[in-house]
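Here's a quick tour of one chain, written to be read with the structure open beside you. We'll begin with a pocket, step back to the overall layout, and finish with a pair of helices.

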Amino acid sequence: MTIEVVGIELLGYHGVLEEERRQGQRFVVDVWLETADERAAETDAIDDAVDYRDVVAAVREVSEARAYHLLEALASSIAERLLGLSHVASVRVRVRKPDVQLELPVEHAAVTVERR
């Protein structure tokens, strides 16, 4: 079973440039979690499920714990933290930087990582 929590918006102080780290910017995190079992579908009990509140809290905690230079490091840290949640067997995390400033306009820059 796959749980999706898509479009978690954060203000983060991450980036290579000092200006990015000082001013902060928007980051959008998308999470796909494979459950270890399908017990929640049978019991209809939150104790047997991946709680979305825990997912969002974990993403926020990782982002606020320190400033990352690279999206790769931020995405990897989020994935590792999410693997520690109850009922999670594997995760896929995409971190998007929608306001990235490059020579040409782009919709966003992103990094996706998967962990089992």
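Helix α1, residues 18-23, gives the largest pocket the largest share of its lining, three residues. Keep in mind that this is a predicted model. The pocket itself holds about 300 Å³ of space. It's lined by 14 residues, and the closest to its centre are Leu 17, Glu 20, Gln 25, Lys 97 and Gln 101. As for chemistry, the lining is a mix: six residues are nonpolar, four are polar and four are charged.

Now for the whole chain. There are four helices and four strands here, and starting from the N terminus they come in the order β-α-β-α-α-α-β-β. The C-alpha trace spans about 50 × 25 × 20 Å along its principal axes.

Next, the helix pair. How do α3 and α4 cross, right-handed or left-handed? The crossing is right-handed. Helix α3 covers residues 52-65 and helix α4 covers residues 71-83; their axes come within 9 Å and cross at roughly 140°. With that angle, α3 counts as oblique to α4, because only angles over 145 degrees would be roughly antiparallel.

On the α3 side, the contact is made by Val 55, Ala 58, Val 59, Glu 61, Val 62 and Ser 63. Helix α4 answers with Leu 74, Ser 77, Ile 78, Arg 81 and Leu 82. Sorted by class, this contact has seven nonpolar, two polar and two charged residues.

Here are the two sets of residues by class:

| Set of residues | Nonpolar | Polar | Charged |
|---|---|---|---|
| Lining of the largest pocket | six residues | four residues | four residues |
| Contact of α3 with α4 | seven residues | two residues | two residues |

Definitions and conventions. Residues numbered from 1 in each chain as written. Predicted model: local features only at pLDDT ≥ 70, side-chain atom pairs only at ≥ 80, totals over all residues. Heavy atoms only, no water. 1 Å grid on protein atoms, 1.4 Å probe; cavity = no way out; pocket = protein on both sides within 12 Å on 5 of 7 lines; lining within 4 Å. Points joined across faces, edges and corners; volume = space filled by probe spheres on them. Helix = DSSP H or I, 4+ residues; strand = E, 2+ residues; numbered from the N terminus. Nonpolar A, V, L, I, M, F, W, Y, C, P; charged D, E, K, R; others polar. Axes fitted to C-alpha atoms, helices over the stretch in contact; angles between N-to-C directions. Parallel < 35°, antiparallel > 145°, perpendicular 65-115°, else oblique. Left-handed = near helix turned anticlockwise from the far one by under 90°. Contact = heavy atoms within 4.5 Å.
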